[in-house]
Each structure stands twice: as structure tokens, then as C-alpha cells.
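Student: I am new to this structure. Could you help me learn to read it?

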Amino acid sequence: MQDAGMLTIIVPCYNEEEVLPETVKELGAVLEKMIQDKKVSSESNILFVDDGSKDRTWELISKYSSELGYVSGLKFSRNYGHQNALLAGMTTAVAYADLLITIDADLQDDINAIPKMVEKYHEGADVVYGVRNSRKTDTIFKRRTALTFYALMKKLGVDLVPDSADYRLLSKRATESLLQFDERNLFLRGMVPLVGFKSAKVYYARKERFAGESKYPLKKMIKFALDGITSFSVVPIKLIMGLGFVISIVGIAMFIYTIIQKVLGNVISGWTSLMTSIWVLGGVQLICISVIGEYVGKIFTEVKHRPRYTIEIDDYSGKFKNKNKD
């Protein structure tokens, strides 16, 4: 069994003023209990990352940071997105923490799974995935689209852990390895399994959101899924090539059909098939160009090497700057 290490719980926040007081209360209770049970060190803490919120989120984080020694925060200069908020928290905390847990602020992920994750870490796991044991809280549409997405990603050769999101534990060395991935198009669910190391799973029941609105409406979910597919697989581009061959074969067949019809004297009819062919082929071409454009756009983003985020206020490092970084 490993020695109890310093745990940092990283919580990305975007307009979470309604749920934040309850989040601090519940996560604080779990953290204090683990410290009492000597599962983690007394220096363990919670790091909130404010992803450019427009409400009182940062004001509340600052308040709790001044009142509670185990609470600290990072503040982005603007909204950079959920994945970048997670990455910023890990980048900042890994210099001090021995193990890190990422969890959303909405309290849908069962915080009682945290001690179980830490237990798995002490048993030797460097990566512990929080995995939902059911999707009863999801709508039928979301449930089916999620299953379709995981099945599709598996066929594309992407190693994902089904029904796991961004609720996970990473050891210090696993986090350091993950941070070596330099891409700007972040899809952490696909990147973490690439790190390797020993992994484990902890199953839990996902709850309804405590308060506030979901930060992942349908539009963002679709974009997130597309980012995952295009960031980890070139199969869509290969499918375009296959589609091109199929269309070419159909075109040759249509050419032969046209010659036969001309020989037979049936050249008056054909307006419907001609118009259908034009519209179908035009649509296929636009789709193909769009898919290729998606990849070109990602290349464009990567080669610029712009910063993933800008931190306006770092309250975390100030609290732990005198601690041993080894």
C-alpha cells in the first residue's frame, strides 16, 4: 500500500453560482473524512477552475478560499472551455499533488466514489475511471446517442472507456505523462487511455443535476463528439475515398445505361434521373469537402501553437508554493 499522498480535487466551473455552495460543502466533507482516515495527507485540497464565468462564481470561489484552507482557485481571463479548464487545473496542481481527481461542479457524479478511487490508487492503480453503472437519469435520445457514439469510436479504433466521462483519478506520473500531449484539439476521454499505466474502474450511479443548467446542450454534445472522432481517427477521410470509388462505379454504370438507352432510342426520358444524380452528387461532394475541411481546420489550429488558456488569477500556487515539489 502506498503512503497517503496529497490529493487535489479539480473542479471546472462555468456559471456555477447556484450549485457552488453545495459543491464546496459536500466535497469538503468527503475530503475531511479521508484526511481523518489518513487515506490522504492533511495538505489535500480542492481546486476550482473558473472558466470565464459571467456570474458570481469567482466571487464565491474567492470567498471560500479565504475562509477554508483547503479551497483555492484559478481564474481564466475568458471562457476557454471545459477541457482546457481541466487541463489548467492538472498543469497547476501536478507540481504539488501526488494524486489528482477531476469532477464536474454539478454534483451529478457521485462524490462517494472518491474514497473508492483513492483506495484503488493505494492498491497500485495510476488511473482510476469513474464509470456510470446505468443511464437511468438520461433521456432515451441521449442514452441511444451515447451508445451509438461509443460503438462508433470503438469501430474507428479509439480506445475509450464506455460510460466514463471526465470523472477520474490520475497519479502524479500519469498526469505528467498526459500533459506531454501537446495538441490543442483536446479530447481527454480519448487521451487518458493512451497514457498507459495500470488502471482500474469504480462504478457509481449518476444523479440529477443539483441546480443550474447543463453546460452541454445538444449543439455542444454534437461538437464534442465530432472533435473526439476527428481528433483520434482518419477513418472518415478513408471513407471518403471509398465513397468516391462507389460513386465512380455508379457513374460508369449510369454511362453504360445511357449508351444502351441511346442505342434503343429511349433518349427523351431521363430528366428525373439526371436531376437526382446532380443533387445527390452535389450533396456528397459538399459533405466530403466539409469532412476534409474539418481536418484541415484542426491542422490550422495545431500549427499556430497558441496558448490553450490564459490564467488571470492563480490562488492555488500561492498557497502551496513553499511545499516540496519533488
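Tutor: Let us go from the whole chain to one helix and then to the surface. This is a predicted model, where local features need pLDDT of at least 70, side-chain atom pairs count only at pLDDT 80 or more, and totals for chains, interfaces and linings use all residues. Residues are numbered from 1 along each chain as its sequence is written, and side-chain values use heavy atoms, leaving out hydrogens and water.

Student: How many helices and strands are in the protein chain?

Tutor: Helices (H or I, at least four residues) and strands (E, at least two) are DSSP runs, numbered from the N terminus. The protein chain has eleven helices and eight strands.

Student: What share of the residues is buried?

Tutor: Buried means under 20% relative accessible area, exposed over 50%, and partly exposed in between (1.4 Å probe, protein chains only). Of the 326 residues in the protein chain, 43% are buried.

Student: Is helix α3 mostly covered or uncovered?

Tutor: Eleven of the twelve residues of α3 are buried, among them H82, L86 and M90.

Student: What span should α3 have?

Tutor: The expected span is 1.5 Å times one less than the number of residues. For α3 (residues 82-93) that gives 16 Å, and the end C-alpha atoms are 17 Å apart, which agrees.

Student: Which residue of helix α9 should I look at?

Tutor: Try V250, found in α9 (residues 235-264). V250 is partly exposed because its relative accessible area is 45%.
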